[in-house]
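Colleague: I have the file open and want to go through the backbone, the sheet and a few side chains. Can you put it up?

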Amino acid sequence: MNAGLNTLPVARKSLFALWKEDVGCVFQRDPAARNKLEVLTTYPGVHAVIMHRLAHRLWRANWRYLARLIAYLMRLLTNVDIHPGAQIGDRLFIDHGACVVIGETAIVGHDVTLYHGVTLGGTSWNKGRRHPTLGDRVLVGAGAKVLGPITIASDARVGANSVVVQDVPEGSTVVGIPGRIVSDRPANSGEHGINLNHHLIPDPVGRAIACLLERIDNLEARLETEGRLEADYQASFYANCSPSSEICEKDCAGGQQHFS
């Protein structure tokens, strides 16, 4: 799938074939899954995706009320709200299936993984395209919000609790509020070509603080060497501040020398 397209190709597979893949992909991405019966009966994310495929076909056939009714019932049962107009690719996996929202004009590619609390929402009341497009193998972390008619290109990762309002290039990693790109290198693929290492997303804020701490230590050391640092500077500073370096013991190379 090309994430830049405004539509997915019309499904050529039968509903049964799509449902079979929806169940099968769970075993590739959830180590807690034990057997098909368990997945079919206890996974609300799977229930929501399976019934959405039926609702979407009814929507395309102009049975709009019945499609909305199925989507509404699935929302009551699964706590996953997928508009029947949303275009969903093959093997979408919604892990945990709690508080996920996918809007009417959203387009989701193949082998996408969404965690709980994800919103693919709109930013306007216009009737046209107002929801995101996700490419293939995109991973969206828990609580993340992807808003507006933007494109998250294939193999991109969105960090947990991020708010993304701009396009994300292929293979990039975006974190923060608002979301910003912290890596433009594709993550290593997992066992089945799907990367689940969303816990390895860089921490740009922590990294910046570590660099500042190290820079301050270097400047203080230079001032002390040149005799320009007041003798009671450190004593008075730490008497009033009492800082702690517990959060960066491993990250701040020079930032711990005065804190320990």
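**Surface and sheet**

Modeller: Tyr65 is exposed, with a relative accessible area of 65%. Keep in mind that this is a predicted model.

Colleague: Where is Tyr65 in the secondary structure?

Modeller: Tyr65 is in helix α4, which covers residues 64-78.

Colleague: And which residues form the nonpolar patch on the surface?

Modeller: The patch consists of Trp63, Tyr65, Leu66, Leu69, Tyr72, Leu73, Leu76 and Leu77. Together they have about 910 Å² of accessible area.

Colleague: Switching to the strands. What is the order in the open sheet?

Modeller: The order is β3-β6-β9-β12-β14-β15, six strands with mixed pairing. The edge strands are β3 and β15, and each of them pairs on one side only.

Colleague: Do β12 and β14 pair in the parallel or the antiparallel sense?

Modeller: Parallel, over two bridges; β12 is residues 157-158. Arg157 stands opposite Thr173 in β14.

Colleague: What about β14 and β15, parallel or antiparallel?

Modeller: Those two are antiparallel, over three bridges. Val175 has Arg180 in β15 as its bridge partner. The two strands form a hairpin with four residues between them. Gly176, in the turn, has a positive phi of about 100°.

Colleague: Which peptide bond is cis around there?

Modeller: The one from Ile177 to Pro178, with omega near -10°. Pro178 is in the loop between β14 (173-175) and β15 (180-183). As a rule, most peptide bonds are trans.

Colleague: Back to phi. What is the value at His96?

Modeller: Phi of His96 is near 75°, which is positive in a residue other than glycine. In general, most residues other than glycine have a negative phi. His96 belongs to the loop between β3 (93-94) and β4 (100-102).

Colleague: Is His96 buried or exposed?

Modeller: His96 is exposed, because its relative accessible area of 54% is over the 50% cut-off.

Colleague: And what is phi at Arg137?

Modeller: Near 60°, again a positive value in a residue other than glycine. Arg137 is in the loop between β8 and β9 (139-140).

Colleague: Why does Arg137 count as partly exposed?

Modeller: Because its relative accessibility is 31%, and partly exposed runs between 20% and 50%.

Colleague: New topic, His131. Where is it placed?

Modeller: His131 is in the loop between β7 (119-121) and β8 (133-134).

Colleague: Buried or exposed?

Modeller: His131 counts as buried because its relative accessible area is 8%, under the 20% limit.

Colleague: What does the side chain of His131 make a polar contact with?

Modeller: With the side chain of Thr105, at 2.7 Å.

Colleague: Which residues does His131 touch, leaving out those up to four places away in sequence?

Modeller: One run is Gly103, Glu104, Thr105 and Ala106. The others are Leu120, Gly121, Gly122, Gly148, Pro149 and Ile150.

Colleague: Ala106 is in that list. How far is its C-alpha from that of Leu134?

Modeller: The two C-alpha atoms are separated by 8.1 Å, with the residues 28 apart along the chain. Leu134 is in strand β8.

Colleague: Last one. Is Leu134 buried or exposed?

Modeller: Leu134 is buried, at 0% relative accessibility.

Terms used:
Residues numbered from 1 in each chain as written. Predicted model: local features only at pLDDT ≥ 70, side-chain atom pairs only at ≥ 80, totals over all residues. Heavy atoms only, no water. Buried < 20%, exposed > 50% of the residue type's maximum accessible area, 1.4 Å probe, protein only. Polar contact = N/O pair within 3.5 Å; in protein donor to acceptor, adjacent residues only side chain to side chain. Contact = heavy atoms within 4.5 Å. Patch = residues over 30% accessible without salt bridge, like charges linked within 9 Å, V, L, I, M, F, W, Y side chains within 5 Å. Areas by Shrake-Rupley, 256 points an atom, 1.4 Å probe, with all protein chains shown as cover. Salt bridge = Lys/Arg side-chain N within 4 Å of Asp/Glu carboxyl O. Pairing = 2+ DSSP bridges.
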